[in-house]
Amino acid sequence: MRLERLEISAFRNLSRVELEPVEGLNFLIGDNGQGKTSVLEAISLLASLRSFRDAKPQDWIQTGQTTAELDSWLIPDGLTPEAAQTWKTRFQVTLETDPLTGSVKKSALVNGKRVRSGAGY
């Protein structure tokens, strides 16, 4: 599978990011604190509903926001462009702060259908 498109909104230090990686090797280049690790963490959350960091879920949502959204489109390797579009898969994760408890609720969609557990994801 190949990441065709990634959209990140209000996640960690990223207000809004849209990426369309090319086939092959892609580089994230920037000064410290510019969001390189945040992009990788967003991909990790989309892939497994977990972070590779020890950060608290409350740290995922940008300061001053109540919701963060991660959206991605994956396509299978080795298909013609036309066939790849037929098999394109969309993964979405929404992170919302509960106003009463301050805890973060994750919800995940695959091709628009809610996933209730990590196993179904």
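How many helices and strands does the secondary structure of the protein chain come to? Colour by secondary structure and count: 2 helices and 6 strands. Helices here are DSSP runs of H or I with at least four residues, strands are runs of E with at least two, and both are numbered from the N terminus.

Before going on, note that this is a predicted model, where local features need pLDDT of at least 70, side-chain atom pairs count only at pLDDT 80 or more, and totals for chains, interfaces and linings use all residues. Numbering starts from 1 along each chain as its sequence is written, and side-chain values use heavy atoms, with hydrogens and water left out.

**The whole chain**

Trace the chain from its start and you'll read β-β-α-β-α-β-β-β. Along the principal axes, the C-alpha atoms fill a box of roughly 50 × 40 × 20 Å. The radius of gyration is 15 Å, which agrees with the value near 14 Å for a compact globule of 121 residues. That radius is taken over C-alpha atoms, and the globule rule is 2.2 Å times the number of residues to the power 0.38.

Now switch on the surface. The accessible surface comes to about 7900 Å², and 50% of that belongs to carbon and sulfur atoms. These areas come from the Shrake-Rupley method with a 1.4 Å probe; for residues, only the protein chains shown count as cover. Of the 121 residues, 36% are buried. The cut-offs for relative accessible area are under 20% for buried and over 50% for exposed, with partly exposed in between (1.4 Å probe, protein chains only).

**Stop one: Arg5 and Glu20**

Select Arg5 and Glu20, which form a salt bridge with the closest N and O atoms 2.5 Å apart. The pair links distant parts of the chain: Arg5 sits in strand β1 (residues 2-11), Glu20 in the loop between β2 and α1, 15 residues apart. A salt bridge here means a side-chain nitrogen of Lys or Arg within 4 Å of a carboxyl oxygen of Asp or Glu. Side chains of opposite charge can pair when their charged atoms come close.

Is Arg5 buried or exposed? Arg5 counts as buried, at 18% relative accessibility, whereas Glu20 counts as exposed at 57%. Add Glu7, Arg16 and Glu18 to your selection: together with Arg5 and Glu20 they are linked in a network of salt bridges. Across the whole structure, a search finds 9 salt bridges.

**Stop two: Glu41**

Next, pick Glu41, which counts as buried at 0% relative accessibility. Glu41 forms a salt bridge with Arg12, the closest N and O atoms being 2.5 Å apart. Glu41 lies in helix α1 and Arg12 in the loop between β1 and β2, so this pair ties together parts that are 29 residues apart in sequence.

Now show Arg53 too: its side chain meets that of Glu41 in a salt bridge at 3.1 Å, N to O. Arg53 lies in the loop between α1 and β3, so here the parts tied together are 12 residues apart. Arg53 itself is partly exposed, with a relative accessible area of 30%.

**Stop three: Asp71**

Move to strand β3 (residues 67-75) and select Asp71, which is buried at 10% relative accessible area. Which side chain makes a polar contact with the side chain of Asp71? Look for Arg90, at 2.5 Å. A polar contact is a pair of N or O atoms within 3.5 Å; within protein, one must be able to donate a hydrogen and the other to accept it, and residues adjacent in sequence count only if both atoms are side-chain atoms.

Leaving aside neighbours within four places in sequence, Asp71 is in contact (heavy atoms within 4.5 Å) with several residues, including Arg5, Leu46 and Phe91. Click on Phe91 in strand β4 (residues 89-97): Phe91 counts as buried, at 13% relative accessibility. Phe91 and Lys113 are 22 residues apart in sequence and 9.5 Å apart in space, C-alpha to C-alpha.

**Stop four: two backbone oddments**

Ala10, in strand β1, has phi near 55 degrees, a positive value in a residue other than glycine. Ala10 counts as buried at 6% relative accessibility. Phi of Asn111 is also positive, near 50 degrees, and Asn111 is found in the loop between β5 (104-110) and β6 (113-115). Asn111 is partly exposed, at 46%.
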